[in-house]
Amino acid sequence: MSVRTVRTRLFAASTVALAALALTACEGGSDTGADSPSSSTTATAEAKPSTAGSAGTSGNNGSNGTDAQGDKGGSSGSSGTGKDTGTAGGSGNGSGSSSGSDTQDKGIPGKCSASSVKITATEVDRPVNHLLLTATNTGSKTCYLPAYPQARFGEAQSVPPVFEETKPQAVTTLEPDKSGYAGVLLSAADGSAGNGHTVNTLTVPFDDGSIATVSLPSGGVHVDDALKVTYWQSTMDTALY
């Protein structure tokens with residue numbers, strides 16, 4: 001066998017060995033590829049809805065309440081905290097405070113009424129020809145009297161004028177069982193006034209529309225054109241000046 005023939009055979013053997021090694025490497029690459037995730041698994045993961053996204057959507061739905069406060073719930077729900085936040089927002093704080101329903105201070109006295117204030121009339125020795133009116137609160141609440149008694153004697157068509165100099169700084173207020181006083185000049189002391197006559201009835205109205213009927217002394221009282229009254233006072237002395 002010649003040297004040329006030997007070289008040829010060695011070259012052929014080397015070629016076969018290299019081909020075998022290349023085939024082995026290709027088969028190893030196929031095994032490595034089997035370890036990577038399949039395309040179907042990846043597709044399934046992408047198709048599955050996000051749980052966090054569903055919770056955020058539920059929060060938005062919870063905010064769609066029927067009242068104005070539901071909008072606040074929507075803002076909370078959209079942050080992704082989920083269904084519970086949306087529900088709390090939907091309930092809202094719907095009721096506003098009522099600051100207007102009752103603002104009257106019940107400590108402020110109301111108007112006196114004939115149903116809770118009794119008026120009596122008493123003749124006095126001094127000053128002469130004077131009558132003392134006493135208004136007593138028989139009720140359970142403090143009230144205030146009219147400025148002065150618009151006394152109507154008998155069938156008179158008008159009420160007597162008032163002594164302006166007797167006007168107090170404030171209206172007279174009566175606590176329960178307390179009294180206010182007013183003086184009445186019935187007639188001129190010297191008899192100079194005209195139209196003198198005797199009356200047997202007296203009525204005194206209150207600011208609430210009620211009217212008190214006052215009993216006069218037995219036999220009535222004599223009045224003339226000098227008839228005049230004082231403002232209601234808190235003491236008897238200021239009423240009989």
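Biologist: Why is N129 called partly exposed?
Modeller: N129 has a relative accessibility of 30%. Buried means under 20% relative accessible area, exposed over 50%, and partly exposed in between, using a 1.4 Å probe and protein chains only. N129's 30% falls in that middle range, so partly exposed is the label. By the way, this is a predicted model, where local features need pLDDT of at least 70, side-chain atom pairs count only at pLDDT 80 or more, and totals for chains, interfaces and linings use all residues. Residues are numbered from 1 along each chain as its sequence is written, and side-chain values use heavy atoms, leaving out hydrogens and water.

Biologist: And D177, what makes that one exposed?
Modeller: Its relative accessible area is 64%. The cut-off for exposed is over 50%, so D177 passes. Across the 241 residues of the chain, 28% count as buried.

Biologist: What is notable about phi in N129 and D177?
Modeller: Most residues other than glycine have a negative phi. N129 has a positive one, near 60°, and D177 has one near 70°. N129 is in the loop between β2 and β3, while D177 is in the loop between β6 (173-174) and β7.

Biologist: Which kind of peptide bond joins R126 and P127, cis or trans?
Modeller: That bond is cis, with omega about -10°. P127 is found in the loop between β2 and β3.

Biologist: What makes a stretch count as a strand here?
Modeller: Helices (H or I, at least four residues) and strands (E, at least two) are DSSP runs, numbered from the N terminus. The chain has six helices and twelve strands. Take β5 (152-153): a run of at least two is enough for a strand, so β5 gets its name.

Biologist: How do you know that β5 and β9 pair?
Modeller: Two strands pair if DSSP finds at least two bridges between them. β5 and β9 (residues 202-205) have two bridges, so they make the cut, in the antiparallel sense. F153 has L202 in β9 as its bridge partner.

Biologist: In what order do the strands of that open sheet run?
Modeller: The order is β5-β9-β10, with antiparallel pairing. β5 and β10 (211-214) are called edge strands, as each pairs on one side only.

Biologist: What makes a group of residues a nonpolar core?
Modeller: A core is a set of buried Ala, Val, Leu, Ile, Met, Phe, Trp, Tyr and Cys residues joined through side-chain atoms within 4.5 Å. The largest one has 29 residues, and I119, L133 and F153 touch the most other members. Elements giving two or more residues to this core include β2 (117-124), β3 (130-137) and β7 (179-185).

Biologist: Which residues does L133 contact, leaving aside neighbours within four places in sequence?
Modeller: Contact means heavy atoms within 4.5 Å. Among L133's partners are I119, P149, Y181, L202 and W232.

Biologist: And which does T138 contact, with the same neighbours left aside?
Modeller: S116, V117 and K118. T138 is found in the loop between β3 and β4 (143-144).

Biologist: How much space lies in the largest pocket?
Modeller: About 220 Å³. Its lining has 14 residues, with A156, S158, H197, D224 and L227 lying nearest the centre.

Methods
On a 1 Å grid over the protein atoms alone, a cavity is a set of points where a 1.4 Å probe fits but cannot get out, and a pocket is an open set with protein on both sides within 12 Å along at least five of seven lines; lining residues have an atom within 4 Å of a point. Grid points are joined across faces, edges and corners, and a volume is the space filled by probe spheres set on the points.
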